[in-house]
Amino acid sequence: MPYIDYYLHFADQAAADAVLFDADGKPLDETLAIDVIGTWYDVDTTNPEAPVSTPRDGYYVNVRAAEEKVWPETVIQITPTTPWRVWA
């Protein structure tokens, strides 16, 4: 069965939780596979002996769905050229 992968960007964890989870932390839609990445860091290794990590704005979550999903306006869908994490 083919899946649809969504790479989602939220303002913060609270915004992600409001869309994806109930008050007890259980997924609102149990048919979705949810991979919480959270804060993502860009690492500058110009000096390999002292790499510098810089957090990106926002909060990131990957979602895999069996069917197309319509997300609220608060959700930003991104299409990374090279995803940070992918489904196996």
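Trainee: What makes the approach of Asp12 to Ala14 at the start of α1 a polar contact?

Mentor: A side-chain oxygen of Asp12 comes to within 3.3 Å of the backbone nitrogen of Ala14, and a polar contact is a pair of N or O atoms within 3.5 Å, where within protein one must be able to donate a hydrogen and the other to accept it, and residues adjacent in sequence count only if both atoms are side-chain atoms, so this pair qualifies. The model is predicted, and for this reason local features need pLDDT of at least 70 and side-chain atom pairs count only at pLDDT 80 or more, while totals for chains, interfaces and linings use all residues. Residues are numbered from 1 along each chain as its sequence is written, and side-chain values use heavy atoms, leaving out hydrogens and water.

Trainee: How do you know that the buried residues of α1 line one face of the helix?

Mentor: Helix α1 covers residues 13-20, and Ala16, Val19 and Leu20 in this helix are buried (under 20% relative accessible area, with exposed meaning over 50% and partly exposed in between, for a 1.4 Å probe and protein chains only). Seen down the axis of α1, they fall within an arc of 85°, so they line one face; the arc is that of the directions from the helix axis to the C-beta atoms. The face turned away from the buried side carries the exposed residues Ala14 and Ala18.

Trainee: Why is the meeting of Arg64 and Asp5 called a salt bridge?

Mentor: The term asks for a side-chain nitrogen of Lys or Arg within 4 Å of a carboxyl oxygen of Asp or Glu, and the side chains of Arg64 and Asp5 meet at 2.7 Å, N to O, so the pair fits. Arg64 lies in strand β5 and Asp5 in strand β1, so the bridge ties together parts that are 59 residues apart in sequence. Helices (H or I, at least four residues) and strands (E, at least two) are DSSP runs, numbered from the N terminus.

Trainee: What makes Asp29 and Lys69 a salt bridge as well?

Mentor: The closest N and O atoms of Asp29 and Lys69 are 3.9 Å apart, which is within 4 Å, so this pair also counts.

Trainee: Is Trp40 buried, partly exposed or exposed, and how do you know?

Mentor: Trp40 has a relative accessible area of 23%, which lies between the limits of 20% and 50%, so Trp40 is partly exposed. Leaving aside neighbours within four places in sequence, Trp40 is in contact (heavy atoms within 4.5 Å) with residues including Arg56 and Trp84.
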